[in-house]
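Good morning, colleagues. I should like to take you through one structure today, beginning with its enclosed space and ending with its backbone.

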Amino acid sequence: MAFGERIPIKTRSEIEKMRTANLHVAEILLELREMVKPGITTRELDRYAEKAIAERGVESSFKGYDPHGLPKYPAVLCVSVNDEIVHGIPADRELEEEDIVSLDFGVSVDGFHGDSAVTVPVGEVDADTQKLLDVTSDALSLAIDTMVPGKRLSDIGHAVQERAESEGYSVVRVFAGHGIGRKLHEPPWIPNYGAPNRGPRLMQGMVLAIEPMVNVGRAEVKVLDDEWTAVTVDGSLSAHFEHTILVSEDGPDVLTRIEGSH
Ligand code: MF3
Ligand code: CO
């Protein structure tokens, strides 16, 4: 995804399709987060998501995804535990009390995609861990608040960085938010850091997926031998939250937010 490419503006009918896709994402993600308990395997979560996709007659945005000629992504869900940042592949790993787990999920309807992620505690976690989740979620909310027509693209990442770094956390730099629509990843690339008031102006009809990834320790990332799972280099905990948002005349319209969701 190159910088400087034009940011698609969605028509009314495209927005309706995106609303539908993102509503499915929000509902399934809410069901998945309720299944998170000690003892469940990450593959069981993926299986549930795959069944939900089939029942609703929608399509996975992730399964078979092939961004850079690496192995195609093999599941419908990314499940990233503790020091795993994003793109964890579902497997036989059982979730344990005190883990944190990021569930990242996307579907398409009539060719238009939806994308959202949430990080949840498994059972009880300590106050420091809960704080990482709260701050990352808060960073996403503050970023969303900037998404008003006329504001500029870098205001989004600036809001994330300010919130995360004010607690001594670091933001991951090698992954970013993105435009979303006919493709899961469209221009622009939306870093979770940067100076304010730079880049293109936000316009009514843009749809953007904003996804802060925040580490307790250093920002550096390494990718495991499976060529997907991204982990923190220093082994510190990482949290990830994502919403798909329409920039509307009245401000941000969070297409993946429903009652009870993040
Ligand atoms: N929400 C993630 C992203 O926007 C998930 C993509 S992973 C893949 O990058 F499965 F699609 F590859
Ligand atoms: Co995304």
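**Cavity, pocket, ligand and sheets**

Two elements, α1 (12–35) and β5 (112–121), each supply at least two residues to the lining of the largest cavity. Before I continue, please keep in mind that this is a predicted model.

Which of the elements gives the most to that lining? It is α1, with four residues. The full lining consists of Ala26, Leu29, Leu30, Arg33, Ser116, Val118, Thr256, Ser261 and His262. By class, these divide into four nonpolar, four polar and one charged residues. The space in this largest cavity is about 40 Å³. With a threshold of 30 Å³ or more, the count comes to one cavity.

As general background, rolling a probe the size of a water molecule over the atoms shows where empty space is left.

Let me turn from the cavity to the largest pocket. About 680 Å³ of space lies in the largest pocket. Two elements give two or more residues to the lining, namely β7 (177–179) and β8 (186–190). Of these, β8 provides the largest share, which is three residues. In total, 31 residues line the largest pocket, and those nearest its centre are Tyr65, Pro67, His68, His87 and His185. How do the lining residues divide by class, that is, how many are nonpolar, polar and charged? The numbers are 18 nonpolar, five polar and eight charged.

The next topic is the ligand. There are 13 residues around ligand 1, and Asp104, Asp115, His178, His185 and Glu211 come nearest. His185 therefore deserves a second mention under this heading, and I return to the pocket for it: His185 is also among the residues nearest the centre of the largest pocket. Three acidic side chains can be described at the level of individual atoms. In the side chain of Asp104, an N or O atom is 2.7 Å from a nitrogen atom of ligand 1. For Asp115, the distance between an N or O atom of the side chain and a nitrogen atom of ligand 1 is 3.0 Å. Glu242 has a polar side-chain atom that also lies 3.0 Å from a nitrogen atom of ligand 1.

I now come to the sheets. Five strands form an open sheet in the order β8-β7-β9-β14-β15, with antiparallel pairing. Its edge strands are β8 and β15, each of which pairs on one side only. From one strand to the next, the twist averages 30°.

At one end of that order, strand β14 (residues 243–248) pairs with strand β15 (residues 251–254) in the antiparallel sense over four bridges. How many residues lie between β14 and β15 in the hairpin that they form? There are two residues between them. Within this pair, Val247 stands opposite Pro252 in β15.

The other edge strand, β8, contains Pro188. A cis peptide bond joins Pro187 and Pro188, and its omega is about 5°. I would ask you to keep β8 in view as a whole, since three residues of the largest pocket's lining come from β8.

A further open sheet has three strands, in the order β3-β12-β11, and the pairing is again antiparallel. Here the edge strands are β3 (84–86) and β11 (221–223), each pairing on one side only. Neighbouring strands of this sheet are turned by 40° against each other on average, direction ignored.

Looking inside this sheet, β3 and strand β12 (residues 230–232) pair over two bridges in the antiparallel sense. Which residue of β12 is the bridge partner of Val86? The partner is Ala230.

One backbone detail remains. Asn82 is placed in the loop between β2 (77–81) and β3. The phi of Asn82 is near 60°, which is a positive value in a residue other than glycine.

To close, I return to two places on the model. At the ligand, Asp104 has a side-chain N or O atom 2.7 Å from a nitrogen atom of ligand 1. In β8, there is the cis peptide bond between Pro187 and Pro188. Thank you for your attention.

Notes
Residues numbered from 1 in each chain as written. Chains lettered and ligands numbered in written order. Predicted model: local features only at pLDDT ≥ 70, side-chain atom pairs only at ≥ 80, totals over all residues. Heavy atoms only, no water. Pairing = 2+ DSSP bridges. 1 Å grid on protein atoms, 1.4 Å probe; cavity = no way out; pocket = protein on both sides within 12 Å on 5 of 7 lines; lining within 4 Å. Points joined across faces, edges and corners; volume = space filled by probe spheres on them. Nonpolar A, V, L, I, M, F, W, Y, C, P; charged D, E, K, R; others polar. Axes fitted to C-alpha atoms, helices over the stretch in contact; angles between N-to-C directions. Near = heavy atom within 4 Å. Polar contact = N/O pair within 3.5 Å; in protein donor to acceptor, adjacent residues only side chain to side chain.
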